[in-house]
Amino acid sequence: MFLEDIGIIPSRKKDPVPADRPASIVNLTRRGFVAGTGLFVVAVTLAGCSNTEPTIDASTMKIPKAGPSPLTKVEGGDATPSLWIAIEKDGTVKITCHRSEMGQQVWTSMAQIIADELEADWENVEIVQAEGHERYGDQNTDGSRSVRYNFHRLRLAGAAMRQMLVAAAALYWKMDPSRCSAEMGKVSNSENGDTLSYGNLAELAAKLQVPAESEIVLKQPEDWRFINKEIPSLTVPKITRGEGTYGIDVNVPDMVYAVIARPPQVFGRTGAVTDAKALAVPGVMRTVKLPDAKPPALFQPLGGVAVVGVDTWAAIQGRNALEVEWLDGPNAGYDSDNFRKAMEAKAKQPGTVRRSRGNVGTALASADKTVTAEYYTPHLSQSPMEPPAATARWTGDQLECWACVQDPQATRQTLSDLLDVDKENITVHATWLGGAFGRKSKPDFVVEAALVAREVGKPVKVTWTREDEIRHGFYHSTSAQRLEAGLDSEGKCTAYRHRSVFPPIGSTFNAATDAPSDGEMGMGATDVPFAIPNLQVESGTAKGHLRIGWLRSVANIYHAFAVQSFAAELANAAGRDQKDYLLELIGEPRLVDPNAEQASYGNYGGSAEDYPVDTARLANVARRAAEMAEWGRELPDGHGLGIAVHRSFLTYVATVIEVKVAADGALTIPGIWLAADAGTVINPRHTKAQMEGGTIFGLSNALYGEISARDGAVVQDNFPSWRVMRMNEAPKIFEVEIIASNSPPAGVGEPPTPPAAPALANAIFNATGKRFRTLPLMGANRDTLDIPAISTR
C-alpha cells in the first residue's frame with residue numbers, strides 16, 4: 001500500500017486523479033441489466049453538462065439501423081461496449097468489473113484498460129461490480145489471469161464505444177467522422193473546434209451500430225494515458241474510510257446468524273447431537289443438522305451442525321455448548337508425519353516419466369560427481385485476513401447470495417447442483433474479499449448459508465471463525481521431491497533427474513485420483529528451463545486425505561523450492577558462485593518447448609507464440625536482481641545472499657535475499673531485491689505491491705507454514721499454532737524493479753511467491769553453511785533456526 005493511495009501525502013507524480021477521490025460501487029444485477037447492443041446510457045440528470053453545449057435530441061434525428069454486435073466472440077470473450085460501460089448524461093462513466101476485488105486492485109486495473117481506450121475523464125469514472133453470470137465469460141479471479149485474459153477485449157470495448165461516440169458527434173455535426181476526435185470525455189471537430197461531452201452524446205451513440213473488430217483502431221502504447229501508469233487505487237481510499245462491503249459486512253432485513261460445528265475429518269459423519277445446552281445460551285434460536293459429505297469432496301460443505309442465533313457471538317457460544325458425537329470416515333487414519341515417510345519412499349523409486357531429454361541413467365552412471373538431495377514441504381493454509389462469510393436469502397424458489405467469492409459463476413453453478421435449484425433462479429453478488437489466495441474460489445461456505453437459510457426460513461449469514469478456516473479449509477498439497485544430478489570434471493551439469501510426489505488437486509474432484517495433472521507438473525517441474533543435455537522429470541502417486549486445493553502459485557511453491565535450492569547445491573558442489581552457476585544452468589538465450597521432449601505442457605493457458613518459455617528474459621531478471629543487490633559485495637559475518645529465479649503464470653521473477661543469522665540461530669532479513677518481467681503491466685505501482693506482498697506470503701510460509709494432521713484431523717487451529725510472518729520480521733529494504741516490456745500482459749499476483757523460499761534457504765546456506773531441505777525453516781513453536789552452536793561465515 002502506498003501513502004499516495006490513501007491520501008496521506010500528495011502524489012509524487014502528476015496523476016490523472018486526486019489520490020483521495022473515492023470510487024463508487026453500483027451492484028449490477030441480472031434483473032437490472034439492460035440487454036441489447038449499444039444500450040449504454042440510462043440517466044435523468046444533466047448535472048455537469050456545459051451550459052453552452054447544445055442538447056442533442058436523438059429522437060429527432062435520422063439514424064442508421066443498427067444490427068447485432070459483431071464483438072461477441074473476440075479474443076477473450078464478449079467485447080460489446082454495453083456489457084462493460086454505461087455513460088450517464090452528467091458524464092459519469094460506469095465501468096463494470098467482472099472479477100473479484102481482493103486487494104489486488106483489479107477494480108483499478110480493469111478501469112484503466114477501458115478508460116484509456118474510451119478516452120474517458122478519469123475523474124468521472126465509477127466502478128460497477130458484476131454479479132455472477134455467463135454473459136461476462138470467465139469470472140474466476142484465480143490463476144493471475146484477470147488482465148491477460150481480458151486485456152484485448154476490454155480495450156476493444158473501450159475503443160468501440162469511443163468510435164461510436166465520435167460517430168454520434170459527426171452525425172450531429174453532419175461531417176465525416178475522420179474530422180472528429182475524442183479526448184478526456186469529449187469529442188471535438190477540426191472544422192470549428194466545437195466540442196460535445198460524452199454525456200450529451202451517449203443517447204445518440206447508443207443507437208448506432210457497434211463497429212466490427214477490423215474497423216476498430218486501438219491506441220498505440222506511446223499514446224496510452226492510463227495503461228502502464230501509476231494511477232492511484234480506486235479502492236484504498238474507501239477502505240481507509242471504512243466504506244465498501246466485505247462478505248462479513250452484508251446486512252439484509254430480518255437476518256439471523258449461524259456458525260457451524262463440522263466433523264474434524266474430511267468425510268467424517270455426524271452422530272448423536274445433544275443441543276439442550278446450546279439452546280439454553282441467550283440468543284441461540286435453533287440448531288440445524290447439515291447433510292454428511294460424501295466423496296468426492298468437490299465444493300460441497302463438510303456437514304455438521306449449524307447453530308443459529310440473533311448474532312454471531314450467541315451462535316459461537318451456542319456452538320461451544322453443543323454436544324456432538326463425531327463418527328470416523330475414510331480418512332480417520334491420516335497422519336501427515338507417516339504420510340511424509342511414504343511419499344519420500346515413493347520419490348526414491350522410478351516414477352512416470354513426464355519429460356525426457358537424452359539418457360539420464362547413462363549420464364548419471366558416467367558422471368565424475370553425483371549430487372542427490374531430497375526436499376519436503378508440508379500442507380499449507382491460505383489464511384486470508386477475512387475468513388469465509390456468506391449471506392443467503394430465499395424468496396420462494398429464488399435464491400440470492402452475497403459472499404466474498406473469487407468465482408461467482410462457479411458459486412452459482414455449485415448452488416444449483418447441490419440444492420437442485422434452477423441456476424436462473426440464483427443470483428450471486430461478489431462482495432469485496434479481505435484476501436483470498438485461492439480459498440474463496442471454493443464456495444462451500446455459500447452452500448452452507450443457503451442450506452441453513454432454506455431450513456430456518458429467514459436470511460442467514462454464515463461466518464467462519466479463524467479456527468474454522470484453519471481446521472476445515474482446502475489445503476495446499478504436501479510434497480516430497482528427490483533430485484539427482486551428474487557433474488563432469490569441470491563441474492558442469494550433464495545429467496538431471498527430478499522426481500515429484502504429492503497428493504494432486506484432482507483428488508478433491510475424484511477421490512481415486514492419485515497422479516498429478518499435467519498442469520501441476522508444468523508448474524516448475526516439466527517446464528524447467530535448464531540447458532542440461534540429459535534431463536528427466538518423473539512423478540509419483542499419492543492419495544489425498546484432506547481437501548487439496550490451490551493456494552497462491554500452487555505447485556510452483558514446492559517445485560521452485562526444490563529446483564532452485566538444488567541449483568545452489570550444484571553450484572556449491574562445483575565450487576562455483578551461486579548466481580553464476582544458475583545463469584550457466586539457464587544457458588544461452590533460446591525458446592524452450594517442453595512438449596518437444598515428451599511433456600504435455602499447457603503453458604498456463606497461454607499460446608507458445610505469445611508466451612514462449614524465453615531463457616533470455618529469465619536470465620535478464622536474474623542478472624538485474626543480482627545487480628540491484630550488489631551481488632558479490634563483501635558481507636559482515638553471519639550475513640549471506642541467496643538468489644532464486646522462476647517463471648510462473650508467464651512472468652519471470654528473480655529474488656535476491658540477504659539474511660543475518662546470529663550464533664544462536666536468530667534470523668533477520670536486512671534486504672530483498674526483486675526483478676520481474678511481466679510483459680505489459682497496467683499499473684506499475686500496484687504490480688510492485690503485488691511483488692512485495694507475494695514475496696512476504698512466500699517467506700511467511702517458508703519460515704512458519706505447516707498444516708499437520710493426526711487421526712485425520714488438522715492439528716493447528718489459530719495463529720499461535722499456525723504462525724505467520726510478523727511486521728517486525730519484514731525486510732528493512734525491499735526494492736522491486738518491473739522490467740519494461742512490450743510483451744503481452746502476464747500474471748503478477750502469484751509469480752513473486754515461488755522464488756521466496758529457495759532464495760531464503762540459499763541465503764541461509766551462504767551465511768552459515770547449513771542447508772535446509774525441509775520447510776518450514778522454523779515453524780510455529782520456534783523463534784530461531786535449528787543451527788546449534790554454528791560458526792557463521
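Helices (H or I, at least four residues) and strands (E, at least two) are DSSP runs, numbered from the N terminus. With those labels in hand, welcome to the views below, which are taken from a predicted model.

**View 1. Ser553 has a positive phi in a loop before H15.** Ser553 lies in the loop between strand E21 (534-539) and H15. Its phi is near 80 degrees, a positive value in a residue other than glycine. Is Ser553 buried or exposed? With a relative accessible area of 0%, Ser553 is buried.

**View 2. The loop between E22 and E23 holds Glu597 and Tyr604.** Glu597 sits in the loop between strand E22 (591-592) and strand E23 (613-614). Its relative accessibility is 17%, so Glu597 counts as buried. Leaving aside neighbours within four places in sequence, you will find Glu597 in contact with Arg355, Ser356 and Arg357. Tyr604 also has its place between E22 and E23. Although Tyr604 is not a glycine, its phi is positive, at about 60 degrees. Tyr604 counts as buried because its relative accessibility is 14%.

**View 3. Phe151 and Trp224 meet edge-to-face.** The structure holds 16 aromatic pairs. In the pair shown here, the ring centres of Phe151 and Trp224 are 6.3 Å apart and the planes stand at 85 degrees, so the pair is edge-to-face. Phe151 belongs to helix H4 (residues 146-173), while Trp224 is in the loop between helix H5 (198-205) and helix H6 (236-240), so the pair ties together parts that are 73 residues apart in sequence. Both Phe151 and Trp224 are buried.

**View 4. Four aromatic residues cluster, and Arg547 lies over one of the rings.** Phe299, Phe474, Phe509 and Trp550 make up one aromatic cluster. Look for Arg547 over the face of Phe474, at 3.8 Å from the ring centre. Elsewhere in the model, Lys770 lies over the face of Phe772, at 5.6 Å from the ring centre.

**View 5. Arg262 is a buried arginine with polar partners.** Arg262 is found in the loop between strand E8 (256-261) and strand E9 (269-274). How buried is Arg262? Its relative accessibility is 5%, so Arg262 counts as buried. Beyond residues up to four places away in sequence, Arg262 touches Leu302, Gly303, Gly304, Arg319, Trp326, Glu448, Trp464, Asp468 and His472. The side chains of Arg262 and Glu448 are joined by a polar contact of 2.9 Å. The side chain of Arg262 also reaches the backbone oxygen of Ile260, at 3.2 Å. For orientation, Asp292 is 30 residues from Arg262 along the chain, and their C-alpha atoms are separated by 9.7 Å.

**View 6. Helix H8 is capped by Asp311.** At the N-terminal end of H8, a side-chain oxygen of Asp311 lies 3.3 Å from the backbone nitrogen of Trp313. Within H8 (residues 312-321), the buried residues are Ala314, Ala315, Ile316, Gly318 and Arg319. What do the buried residues of H8 pack against? Their partners are E8, helix H7 (276-279), strand E10 (284-290), strand E11 (304-309) and helix H13 (466-471). Arg319 is one of the residues that Arg262 touches in View 5.

**View 7. H5 is mostly covered.** Seven of the eight residues of H5 are buried. These are Tyr198, Gly199, Asn200, Leu201, Ala202, Leu204 and Ala205. The elements covering them include strand E2 (85-87), helix H3 (106-118), H4, strand E5 (180-183), strand E6 (186-189) and strand E7 (195-197). H4 will be familiar from View 3, as it carries Phe151.

**View 8. Two cis peptide bonds precede prolines.** The peptide bond from Pro295 to Pro296 is cis, with omega near -5 degrees. Pro296 lies in the loop between E10 and E11. Leu775 and Pro776 are likewise joined by a cis peptide bond, with omega about 0 degrees. Pro776 is in the segment after helix H19 (756-768).

**View 9. The largest cavity has a volume of about 130 Å³.** Six cavities of 30 Å³ or more turn up in a search of the whole structure. The largest has a lining of 14 residues, with Asp527, Val528, Pro529, His646 and Arg647 nearest its centre. Helix H15 (556-574) and strand E24 (639-648) each supply at least two residues of this lining. Which element gives the largest share of the lining? It is H15, with four residues.

Terms used
Residues numbered from 1 in each chain as written. Predicted model: local features only at pLDDT ≥ 70, side-chain atom pairs only at ≥ 80, totals over all residues. Heavy atoms only, no water. Phe/Tyr/Trp six-rings, centres within 6.5 Å; stacked < 30°, edge-to-face > 60°. Buried < 20%, exposed > 50% of the residue type's maximum accessible area, 1.4 Å probe, protein only. Lys NZ or Arg CZ within 6 Å of the ring centre and 35° of its normal. Contact = heavy atoms within 4.5 Å. Polar contact = N/O pair within 3.5 Å; in protein donor to acceptor, adjacent residues only side chain to side chain. 1 Å grid on protein atoms, 1.4 Å probe; cavity = no way out; pocket = protein on both sides within 12 Å on 5 of 7 lines; lining within 4 Å. Points joined across faces, edges and corners; volume = space filled by probe spheres on them.
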